[in-house]
Amino acid sequence: MKRFFFSLRASYLFFGLLALVLGWGCRLADNNEYYSIFKEMTATHVWLCLEALCDHPAAIVWLVVLILLGAALFINTACCAFSQTGALAKLRNMEPENRHRTVLMALIHIAALLVIGLHAVDITIIKRQKPIRIYPDQTVQMGRYALRVSDISFVTDRAMITENAKGQKTKSFRIPAKSYSRDKNFARIEISTEKTPAETRELRILEPVRSGADYFFLDGFFIADGSQKIGVEIHHSFNPLAMIFFAVYIVLFGLMTLRYLAMRKERISTHEIH
């Protein structure tokens, strides 16, 4: 078992299983019975949804399997990182090519370990708020900010966002990309605190508004059943790790690219020799 967690085979296995579990989660979220739970987990924290999850055994099993796979992947990465960093002590006795390969692999494993660790920290310190429905000229409190929606622009077919009697509407990922305009569909918002004046920004789907470590996300548009008035769903997140996440991911992908180029160079050199 110890040898298994130190192997690359374990990494491939855990990543493959993780992909399958995430795919299973997507299928569950596509089910109307689970959609609201997964939406709430995405917008807030999984720990705030435990009570609702208890009523859905399939979602509980999915969450437990996901946590176990994440823990297994962390242990596997930690074991491999320990093995790679331990090899650094022998650098003086290595050939230059092997020395570079060892240093690069050690850095890749350390960066991967940081990524997994940061995701674990995310659960504890990042604060997220459930999406709030807001109409034009309405002001709500989000964290330390007062947010006011001054205007809403929506040029896509409004039937797509009109709810039925059960409060259901077309899910955003089912709206054809060609018929949706990210530039022209937006909410103009004003954010302010007790110490800062109001600042006007345009909020679009997949384009959050940032103010320091605070982020404001546009989750979607809606028209309530029997109404003609359009509103928006917005949620707030306090995430001081966002830029650190971004930097670590960039470093990890950069190191992996260097490793790929080095392997490619080795193959070309070997081919020329033969």
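Select strands β5 (residues 186-192) and β6 of this predicted model. They run antiparallel, and 5 bridges join them. For one point of register, pick Ala187: it stands opposite Leu203 in β6.

Stay on these two strands and show side chains. Arg188 and Glu202 meet in a salt bridge, 3.1 Å from N to O. Arg188 lies in β5 and Glu202 in β6, so the pair ties together parts that are 14 residues apart in sequence. Check the cover on each partner. Arg188 is partly exposed, at a relative accessible area of 25%. Glu202 also counts as partly exposed, at 35%.

Now add Arg204. Its side chain forms a salt bridge with Glu202, with the closest N and O atoms 2.8 Å apart. Is Arg204 buried or exposed? Arg204 is buried, with a relative accessible area of 14%; the cut-off for buried is under 20%. Add Asp151 to the selection as well. Salt bridges that share partners join Asp151, Arg188, Glu202 and Arg204 into one network.

Another salt bridge is formed by Glu199 and Arg201. Their closest N and O atoms are 3.2 Å apart. Glu199 is partly exposed, with a relative accessible area of 37%. Arg201 counts as partly exposed too, at 25%. The structure holds 10 salt bridges; those visited here are among them.

**The open sheet**

Widen the selection to β3, β4, β5 and β6. These 4 strands form an open sheet in the order β3-β4-β5-β6, with antiparallel pairing. Which strands are at the edges? They are β3 (139-142) and β6 (199-203), each of which pairs on one side only. Look along the sheet for its twist: the average is 35° from one strand to the next.

Go to the β3 edge. One face of β3 is covered, and Val140 and Met142 are on it. Thr139 and Gln141 are on the uncovered face. Next, bring in β4. It runs antiparallel to β3, and 4 bridges join the two. Met142 has Tyr145 as its bridge partner in β4. The hairpin of β3 and β4 has 2 residues between the strands. Select Gly143 there: it takes a positive phi near 65°.

**Across to β8**

Keep Tyr145 and show the aromatic rings. The structure holds 6 aromatic pairs. One of them joins Tyr145 to Phe216 in an edge-to-face arrangement. The ring centres are 5.5 Å apart, with 90° between the planes. Where do the two residues sit in the chain? Tyr145 is in strand β4 (residues 145-153) and Phe216 is in strand β8, 71 residues apart, so the pair links distant parts of the chain. Both rings belong to covered residues. Tyr145 is buried, at a relative accessible area of 5%. Phe216 is buried as well, at 0%.

Now colour all of β8 (residues 214-223) by accessibility. The strand is mostly covered, with 8 of its 10 residues buried.

Look at what pairs with β8. Strand β7 (residues 209-211) pairs with it in the antiparallel sense over 3 bridges. Here Phe216 turns up again, with Val209 standing opposite. The hairpin of β7 and β8 has 2 residues between the strands. In it, Gly212 takes a positive phi near 70°.

Then select strand β9 (residues 230-238). β8 and β9 run antiparallel and are joined by 9 bridges. Ile223 has Ile230 as its bridge partner in β9. This hairpin has 6 residues between the strands. Stop at Gly226, which takes a positive phi near 80°.

**Two last stops**

Move along the chain to Phe245, Tyr249 and Phe253. Show their rings together: these residues form one aromatic cluster.

Finally, switch to a surface view and select Leu88, Val103, Leu107, Ile110 and Leu114. Together they make a nonpolar surface patch of about 360 Å². Leu88 lies in the loop between α5 (57-87) and α6 (96-125). How exposed is Leu88? Leu88 is partly exposed, with a relative accessible area of 30%.

Key
Residues numbered from 1 in each chain as written. Heavy atoms only, no water. Patch = residues over 30% accessible without salt bridge, like charges linked within 9 Å, V, L, I, M, F, W, Y side chains within 5 Å. Areas by Shrake-Rupley, 256 points an atom, 1.4 Å probe, with all protein chains shown as cover. Salt bridge = Lys/Arg side-chain N within 4 Å of Asp/Glu carboxyl O. Buried < 20%, exposed > 50% of the residue type's maximum accessible area, 1.4 Å probe, protein only. Pairing = 2+ DSSP bridges. Axes fitted to C-alpha atoms, helices over the stretch in contact; angles between N-to-C directions. Phe/Tyr/Trp six-rings, centres within 6.5 Å; stacked < 30°, edge-to-face > 60°.
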